[in-house]
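Here is a short note for a colleague opening this structure for the first time. Please keep the sequence and the 3D view side by side while reading.

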Amino acid sequence: MAEAQIKKNIFTISSSPHVHCDESVSKIMWSVCLALTPAAIFGVFNFGIHALEVIITGIIAAVVTEYFVEKVRNKPITITDGSAFLTGLLLSMCLPPDIPPYMVAIGSFIAIAIAKHSMGGLGQNIFNPAHIGRAALMVSWPVAMTTWSKLSASGVDAVTTATPLGILKLQGYSKLVETFGGQGALYKAMFLGTRNGSIGETSTILLVLGGLYLIYKKYINWQIPVVMIGTVGILTWAFGGTTGLFTGDPVFHMMAGGLVIGAFFMATDMVTIPMTINGQVIFALGAGALTSLIRLKGGYPEGVCYSILLMNAVTPLIDKFTQPVKFGTRR
Amino acid sequence: MLKSFRGGVHPDDSKKYTANKPIEIAPIPDKVFIPVRQHIGAPTSPVVQKGDEVKKGQLIAKSDAFVSANIYASISGKVVDVGDYPHPTFGKCLAIVIENDEKDEWVEGIPTSRNWKELSVKEMLGIIREAGIVGMGGATFPVHVKLAPPPDKKVDVFILNGAECEPYLTADYRSMLENSDKVVAGVQIIMKILNVEKAFVGIEDNKPDAIEAMKKAFEGTKVQVVGLPTKYPQGAEKMLINVLTGREVPSGGLPADVGAVVQNVGTCIAISDAVERGIPLIQRVTTISGGAIKEPKNILVRIGTTFKDAIDFCGGFKEEPVKIISGGPMMGFAQSNLDIPIMKGSSGILGLTKNDTNEGKESSCIRCGRCLKACPMHLNPSMLSILGQKDLYKEAKEEYNLFDCVECGSCVYTCPAKRRIVQYIRYLKSENKAAQAREKAKADKAKEKEEAKNKEEVIK
């Protein structure tokens with residue numbers, strides 16, 4: 001027992017407080033991974049075993065890179081805290097299912113070594129590492145990054161080898177509805193995820209469930225996904241139609257592309273977004289507006305990745321202007 | 001239901017250990033160690049010498065400074081030493097050691113019996129000052145100073161702080177249940193001194209029976225007993241005033257700036273003892289608790305009793321404590337040993353196990369923003385901790401409101417990266433003070449030089 005210590009009369013000294021909550025960085029990171037898991041598993045079922053290869057490669061490459069970079073930087077090894085695992089998982093979920101694994105590994109390397117550690121490591125990076133990895137692959141191998149396989153899921157084989165947003169961009173809305181065989185079928189496919197796209201971005205329902213879990217755990221604020229997806233909905237509704245104002249299809253746009261995964265899991269990446277709730281709402285508004293702008297007026301069919309990266313860049317500025325007003329400045 | 005203040009955290013209140021334990025009178029120890037500094041303000045100087053015989057309630061150290069508090073012998077016996085002994089916050093401090101003569105005799109003249117209604121405000125303030133009463137919640141600010149706000153500040157409300165928002169502590173709670181008559185007398189005395197008509201008793205709603213007991217005790221008076229949402233730091237003066245009156249104490253200001261004075265439950269009892277019975281502050285109710293203590297208790301204990309004696313009375317340790325805390329777990333002071341004496345401001349002694357503290361390794365900030373949500377002063381603790389690591393004390397003061405921090409510890413409690421934010425903030429504050437001192441020294445030197453030069457010129 002403690003007799004020896006008590007006799008010696010030595011106890012730990014430290015600054016108050018002396019009790020702590022039982023949250024930790026790794027608990028948060030692993031919870032986010034858990035929240036992503038259903039959508040990832042669905043992606044594997046949806047796109048086949050190659051999708052699993054992509055996910056595993058992405059995760060392993062990220063964790064191994066983290067290990068070696070920390071070794072080189074002479075920092076404590078933190079591969080068990082789940083943050084590198086999460087980056088690898090998120091990145092691979094945002095890649096097309098048929099991408100060659102070596103590209104995935106390079107993407108993970110860029111995400112961890114350049115986007116994260118060259119900025120100083122966990123908590124110091126300005127940009128979302130997974131999105132930097134994706135953007136790097138996008139500019140390096142644009143063809144591989146925009147080649148979409150036919151779905152293996154039965155009954156949806158009719159869908160062409162393009163994403164719904166790609167069809168919309170190149171062939172128009174009526175062709176999109178026609179491809180899916182009606183508006184109801186389109187919404188259903190978008191909601192359940194039986195459509196073409198990146199591995200983990202397709203299933204709206206599973207991603208939302210994962211997001212709700214994080215909101216319940218208080219790891220993310222509900223305002224971010226609601227504002228970001230809402231902004232996209234309003235703007236695409238207003239300006240997305242061909243026959244005038246408010247003729248667009250907001251329901252489709254809100255579920256399309258990487259918006260749901262982006263709004264729930266990327267725009268809520270605490271490291272790269274503003275710290276106050278006001279700042280986060282501004283961030284989500286900006287990201288939603290930029291996404292709509294890229295989708296409707298830009299060269300790419302999808303813009304979630306770039307819009308979040310652009311908002312990451314202005315996050316320090318948003319933080320500066322949304323500092324809390326200290327207590328005692330009003331009566 | 002009252003609207004709560006913005007910010008704060010919900011730590012496990014851990015009051016179950018002692019909430020149902022009536023206050024026990026602790027045995028008088030063989031020796032007491034009474035430090036001459038137990039309050040904010042000027043230290044006192046001993047008026048007894050080694051070898052003197054003293055009686056319980058006898059003045060043993062005093063100061064003529066206004067912001068100070070007299071010290072009394074808490075037991076009868078012989079002064080066996082006046083020297084440096086362990087102190088909970090200063091490390092070492094001059095203390096008067098009294099050896100128990102087992103007689104427990106009062107000094108002549110006390111206890112007496114007085115009707116406070118017949119005393120004038122000035123007399124009562126004098127009695128309170130003489131009795132050495134300080135804020136017993138832990139702040140230890142001399143009470144007679146707080147009860148005599150400058151004439152330009154119009155005080156119109158008194159608040160009795162029964163929130164006891166620190167986890168583990170139940171001393172005030174038990175006192176409200178068991179000594180409600182003294183609490184009522186104390187509140188009425190304070191209301192008379194402050195000349196206020198309005199008073200609140202604020203109690204967190206995790207203590208419903210204390211709310212009931214106080215409501216009953218204050219029946220027929222103008223005092224309003226209010227249940228407060230349970231949230232740390234509900235008992236911080238600024239938060240309490242804000243929730244009960246809607247007023248915000250201005251940045252850098254005092255409660256009196258918004259017309260409020262706050263006192264703690266233990267303090268009210270001490271005031272009642274002093275004014276009604278002439279008894280100076282020589283004992284207090286304190287909670288001995290924590291996962292490492294065998295039989296946690298609320299005890300009425302003499303000032304100067306060592307932690308060891310108090311813990312022994314509670315059966316000693318049943319498990320190895322990693323930390324010994326003087327006060328509550330959120331704002332108390334960790335102690336290195338058990339020779340520390342219980343002082344006027346010791347609201348609790350905690351023996352915390354590893355399980356209780358939940359401490360972890362500090363990592364870098366992941367900007368989750370939980371500390372910003374938790375900060376009751378609406379600061380940016382994350383940024384302050386980063387500035388602390390980089391020693392940027394000027395920026396912390398000028399751009400991030402460093403000196404508005406009340407060091408309540410909510411940010412550290414809630415931080416998933418286990419960052420020692422309050423420690424950085426304390427460091428930044430001390431760096432600012434050191435810089436100020438340096439600048440002042442520099443200015444003084446320059447002034448001296450100038451004067452010397454002027455003199456030379458005059459001579460020429």
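The numbered points below go through the two chains in turn.

1. **Confidence.** This is a predicted model. Chain A has an average pLDDT of 90, and 93% of its residues score at least 70. The weakest part of chain A is helix H1, residues 3–8, with a mean of 53. Confidence in chain A is highest in helix H11, residues 204–216, at 97.

2. **Domains of chain A.** The domain assignment splits chain A into domain 1 (25–145) and domain 2 (164–320). Their C-alpha centres are 21 Å apart. The contact between them takes 30 residues from domain 1 and 30 residues from domain 2.

3. **The domain 1 side of that contact.** In chain A, helices H2 (25–47), H3 (49–72), H4 (83–93) and H6 (129–140) each give two or more residues to the side of domain 1 that touches domain 2. H2(A) gives the most, with 12 residues. By class, this side of domain 1 of chain A has 21 nonpolar, 8 polar and 1 charged residues.

4. **Where the chains meet.** How many residues of chain B are in contact with chain A? There are 60 of them, and they touch 40 residues of chain A. On the chain B side, S15, S16, helix H9 (354–357), helix H13 (410–414) and helix H14 (421–459) each supply at least two residues. By class, the side of chain B that touches chain A has 28 nonpolar, 19 polar and 13 charged residues.

5. **Domains of chain B.** Chain B is divided into domain 1 (15–25 + 118–277) and domain 2 (361–460). The C-alpha centres of these domains of chain B lie 32 Å apart. The contact takes 5 residues from domain 1 of chain B and 5 residues from domain 2 of chain B. On the side of domain 1 of chain B that touches domain 2, the classes are 4 nonpolar, 1 polar and no charged residues.

6. **An open sheet in chain B.** Six strands are arranged in the order S1-S14-S13-S17-S15-S16 (chain B), with mixed pairing. Which strands stand at the edges? They are S1 (24–25) and S16 (333–335) of chain B; each has a single partner strand, so one side of each has no neighbour in the sheet. Helix H3 of chain B, residues 171–178, lies across S13 (283–289), S14 (297–302) and S17 (348–352) of chain B. This helix runs at about 125° to S13(B).

7. **Strand S15 of chain B.** S15(B), residues 323–326, is joined to S16(B) by 3 bridges, and the two run antiparallel. S15(B) is also antiparallel to S17(B), with 4 bridges between them. Follow the strand residue by residue. B:Lys323 is opposite B:Leu352 in S17(B). B:Ile324 is opposite B:Gln335 in S16(B), and B:Ile325 is opposite B:Ala334 in S16(B). B:Lys323 and B:Ile325 point one way from S15(B), while B:Ile324 and B:Ser326 point the other way. Are these residues buried or exposed? All are buried.

8. **The turn after S15(B).** S15(B) and S16(B) make a hairpin with 6 residues between them. In the turn, B:Gly327 has a positive phi of about 105°.

9. **B:Ala260.** This residue lies in strand S12 of chain B, residues 260–264. Why does B:Ala260 count as buried? It has 28 other C-beta atoms within 10 Å, and the cut-off for buried is 20 or more. Beyond its neighbours within four places in sequence, B:Ala260 is in contact with B:Val155, B:Val157, B:Ile159, B:Ile241, B:Thr245, B:Arg247 and B:Pro255. B:Pro86 is 174 residues from B:Ala260 in sequence and 36 Å away in space, C-alpha to C-alpha.

10. **Helix H11 of chain B.** This helix spans residues 381–389, and 8 of its 9 residues are buried, so H11(B) is largely enclosed by the rest of the structure. Among the buried ones are B:Pro381, B:Met383, B:Leu384, B:Ile386 and B:Leu387. B:Ser382, B:Ser385 and B:Gly388 are buried too. The buried residues of H11(B) pack against H10 (370–374), H12 (393–399), H13 and H14 of chain B. Just after H11(B), B:Asp391 takes a positive phi of about 60°.

Key:
Residues numbered from 1 in each chain as written. Chains lettered and ligands numbered in written order. Predicted model: local features only at pLDDT ≥ 70, side-chain atom pairs only at ≥ 80, totals over all residues. Domains from an automatic or database assignment. Contact = placed C-beta atoms within 7 Å. Nonpolar A, V, L, I, M, F, W, Y, C, P; charged D, E, K, R; others polar. pLDDT = per-residue confidence, 0-100. Pairing = 2+ DSSP bridges. Axes fitted to C-alpha atoms, helices over the stretch in contact; angles between N-to-C directions. Buried ≥ 20, exposed ≤ 12 C-beta atoms within 10 Å, placed from the backbone.
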